[in-house]
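Here is a short set of exercises on reading a protein model, each with a worked solution. Open the structure beside you and try each task before you read on.

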Amino acid sequence: MDTNLSFACDYMEGCHPAILEKLAETNLVKTPGYGLDDYTRSACEKIKAACQAPEAQVFLLTGGTQTNATVISALLKSYQGVVSASTGHIATHEAGAIEACGHKVLPLPSHNGKIDAEELSRLLTDYHQDANHDHMVMPGMVYISHPTEYGTLYSRQELEDISRICRQYQIPLYLDGARLAYALACPENDLTLQDLASLCDVFYIGGTKCGALFGEAVVIPVPGLIPHFFTIIKQHGALLAKGRLLGVQFDTLFTDHLYEHIGESAIQAADQIRIMLKQNGFQLCYDSPTNQIFCIMENSVMERLLSQVECSFWEKYNDSHTVIRFVTSWATRQEDVQRLGTVLEQYCS
């Protein structure tokens, strides 16, 4: 077994012990398939209650890329595209999954991972005022994530502004919540699940990166927005025959507010790492308050560090420096954070 420290991503471990215990406890229970079981029904009701959206529809899908591709292709007409930050997950790290479904990703400038409401309004206005717009890809929806690809957070005011523009132009707003638990646990966050249900047309609650073995929960606050969504999920290969495996996991995550608190230790560990990096002379690249830490590191130092610590290449900073990413999770151990601090001291500049 590799004994190197790993801060590469937030799904290195299996699942929260409470989920594993419940899966073992229910292992031999016979249930209907495809999410028609009591565990899934219970999970969906708990999610609706947490979102204060009793009329919402909730669907459990297998993974994040499947969820994004399924939701986006279901919301768009054939001639429409999806507006996203140029750094958005669907624009950078999903291997063209959206384009493979026949839809163009329409980029907006990224401001530390976020889009700006005024720039969104200008893009939509410019499209409709362009005399050639019938020959162009129509902006048909807006995609954002919370936290963003850079670990930053939208404020409630920012989300309200974006939501207002989407409703003005009658296009849906979709929020990717792959790391939503880490936003909810962050002291700087002022968005709640209830806010998302009020301001977004569709959003998903991430499980894979937030303590589950796998799975994401799509919430559609106004029922019927996507007709026959269950069938569309199956078309995209995102429907699990043994749906109870998803149901048990989300039922556990939404028992006793576990999901809302599961990311707290990850935020605390990330804050410690940010402090240690600064103390050892390393420059942080983005002001990300969640569980992702981005650091500018000289290439030769990075190469030596990677022999002891697993972290992620993020992007080239210049010819001699690279931006690398450390990620904490719900399962990050305090002793590993301390060991990382000891390693970083070796490279103190």
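**Exercise 1. Two helices that cross**

Task: Find how H1 passes H11, and decide whether they are parallel or oblique to each other.

Solution. This is a predicted model, so keep that in mind throughout.

Step 1: Begin with the handedness: H1 passes H11 in a right-handed crossing.

Step 2: Now look at the geometry. Helix H1 covers residues 17-25 and helix H11 covers residues 244-253; their axes come within 9 Å and cross at roughly 135 degrees.

Step 3: Classify the angle. The oblique class takes what the other classes leave, and roughly antiparallel needs an angle over 145 degrees. H1 and H11 are therefore oblique to each other.

Step 4: List the residues that touch. From H1 come Ala-18, Ile-19, Lys-22 and Leu-23, and they meet Leu-245, Val-248, Gln-249, Thr-252 and Leu-253 of H11. Sorted by class, the residues of this contact are six nonpolar, two polar and one charged.

**Exercise 2. A pair at a small angle**

Task: At what angle do helix H6 and H7 pack, and which residues make the contact?

Solution.

Step 1: Helix H6 spans residues 117-129, and H6 and H7 pack at an angle of about 15 degrees with their axes 9 Å apart.

Step 2: Angles under 35 degrees count as roughly parallel, so H6 is roughly parallel to H7.

Step 3: The handedness can be read too: H6 passes H7 in a right-handed crossing.

Step 4: On the H6 side the contact uses Ala-117, Leu-120, Ser-121 and Leu-124, and on the H7 side Asp-161, Ile-162, Ile-165 and Cys-166. The classes here are six nonpolar, one polar and one charged.

**Exercise 3. Another pair to classify**

Task: Describe how H13 and H15 lie relative to each other, and say how their contact residues divide by class.

Solution.

Step 1: The axes of helix H13 (residues 264-279) and helix H15 (residues 334-345) come within 10 Å and cross at roughly 10 degrees.

Step 2: H13 and H15 are therefore roughly parallel to each other.

Step 3: H13 brings Ala-269, Gln-272, Ile-273, Met-276 and Leu-277 to the contact, while H15 brings Gln-334, Val-337, Gln-338, Leu-340, Gly-341 and Leu-344. These divide into seven nonpolar, four polar and no charged residues.

**Exercise 4. Backbone exceptions**

Task: Which two residues does a cis peptide bond join, and where is Tyr-34 found?

Solution.

Step 1: Recall the usual case: most residues other than glycine have a negative phi, and most peptide bonds are trans.

Step 2: The cis bond joins His-146 and Pro-147, with omega about 0 degrees. Pro-147 sits in the loop between S5 and helix H7 (156-168).

Step 3: Tyr-34 has a positive phi, near 60 degrees. Tyr-34 belongs to the loop between H1 and helix H2 (38-51).

**Exercise 5. An enclosed space**

Task: How much space lies in the largest cavity, and which strand gives the largest share of its lining?

Solution.

Step 1: The count is one cavity of 30 Å³ or more, and the largest cavity holds about 50 Å³.

Step 2: The lining includes Ala-85, Gly-113, Tyr-143 and Glu-149. Strand S5 (residues 138-145) gives the largest share, three residues.

Step 3: By class, the lining has five nonpolar, four polar and one charged residues.

Conventions
Residues numbered from 1 in each chain as written. Predicted model: local features only at pLDDT ≥ 70, side-chain atom pairs only at ≥ 80, totals over all residues. Heavy atoms only, no water. 1 Å grid on protein atoms, 1.4 Å probe; cavity = no way out; pocket = protein on both sides within 12 Å on 5 of 7 lines; lining within 4 Å. Points joined across faces, edges and corners; volume = space filled by probe spheres on them. Helix = DSSP H or I, 4+ residues; strand = E, 2+ residues; numbered from the N terminus. Nonpolar A, V, L, I, M, F, W, Y, C, P; charged D, E, K, R; others polar. Axes fitted to C-alpha atoms, helices over the stretch in contact; angles between N-to-C directions. Parallel < 35°, antiparallel > 145°, perpendicular 65-115°, else oblique. Left-handed = near helix turned anticlockwise from the far one by under 90°. Contact = heavy atoms within 4.5 Å.
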